[in-house]
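Trainee: I should like to learn how to read the features of a protein model. May we look at one together?

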Amino acid sequence: MNTHRPRGSGRPALTRTDGTPLRVLVVDDDPDLAEVLSGALRYEGWEVRTAGDGLSAVAEARRLLPDAVVLDIMLPDTDGFAVLRSLHAVRSDVCVLFLTARDAVEDRIAGITAGGDDYVTKPFSLEEVVARLRGLLRRAGMARQTEDGPRLVVGDLVMEEEAREVTRGGELIELSPTEFELLRLLMRNPRRVLSKGLILDRVWSYDFGGRAHVVELYISYLRKKVDAGRPPMIHTVRGAGYVLKPVVR
């Protein structure tokens, strides 16, 4: 049976419960962002459509009957909350992940109160959006995984990718979504020096404008959690970038 697993995804395929591709609608008035998001979701093997405003989003939803919608709150003809109400009339159990440039607590509350399932603030990591959608769809019982999730191991550092759990020496390490994606990149490339530019591109992906200081900041966060009180695994290579290496005993 075709599991629709994208070549080289490095992740277990996630499909609808009948084995067919998940259906996702991306709604954003920025065509470049919509295309980047769509590409990342198609890479998962999913069927993806896009819409640039509320009216076309509802029309496309009627045709696609999506399992999930990635929905920008600020649209040219209406807001995402109004679109969400219309989407629920089309399919009441659709999973909705809001996108917004705003980060106020009131906006988060409004999104969840309106019936949204999760919330991501721009700029964001594409990996984070994909991971959030996978989690939403699994929890809603709308998707199934075709195989066990992969495990990354570097020395005594272990990452269960699908469960999004990290341990070192058997001790659980709590990470934010961005910290998780940064560590995943390092663990997929052990002993390889990764430049700040490459890390920005792979982890943040969208609209960070080369602000390398954000990499330095998150590397420091990771060190406090992964290396605190232990022999260090995350190393700086001056003028080149960062590298994750197992401890040599």
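**Reading helices and exposure**

Mentor: Let us begin with one residue: S220 has 26% relative accessibility and therefore counts as partly exposed (buried means under 20% relative accessible area, exposed over 50%, partly exposed in between, with a 1.4 Å probe and protein chains only). S220 belongs to helix 8, residues 213-227; helices (H or I, at least four residues) are DSSP runs numbered from the N terminus. From S220 to I234 the separation is 14 residues in sequence and 9.5 Å in space, C-alpha to C-alpha.

Mentor: Please note that this is a predicted model, in which local features need pLDDT of at least 70 and side-chain atom pairs count only at pLDDT 80 or more, while totals for chains, interfaces and linings use all residues. Residues are numbered from 1 along each chain as its sequence is written, and side-chain values use heavy atoms, leaving out hydrogens and water.

Trainee: How is the packing of two helices described?

Mentor: Two packed helices are described by the angle between their axes and the distance between those axes. Axes are lines fitted to C-alpha atoms, for helices over the stretch in contact, and angles run from 0 to 180 degrees between N-to-C directions. Here, helix 2 (residues 54-64) and helix 3 (residues 80-90) have axes that come within 10 Å and cross at roughly 15°. The two helices are therefore roughly parallel (angles under 35 degrees; over 145 is roughly antiparallel, 65 to 115 roughly perpendicular and the rest oblique).

Trainee: Which residues of helix 2 and helix 3 make the contact?

Mentor: Helix 2 contributes G54, A57, V58, A61 and R62, and helix 3 contributes V83, S86, L87 and V90, where contact means heavy atoms within 4.5 Å.

Trainee: At what angle do helix 1 and helix 5 pack?

Mentor: Helix 1 (residues 31-42) and helix 5 (residues 126-139) pack at about 55°, and their axes are 10 Å apart. They are therefore oblique to each other. Their contact involves V36, L37, A40 and L41 of helix 1 together with L126, V129, V130 and L133 of helix 5.

Trainee: How many of the residues of helix 6 are buried?

Mentor: In helix 6, 10 of the 12 residues are buried, so this helix is largely enclosed by the rest of the structure. Among the buried residues are F180, L182 and M187. As for length, the 12 residues of helix 6 (residues 177-188) should span 16 Å at 1.5 Å a residue, and the end C-alpha atoms are 16 Å apart, which agrees; the expected span is 1.5 Å times one less than the number of residues.
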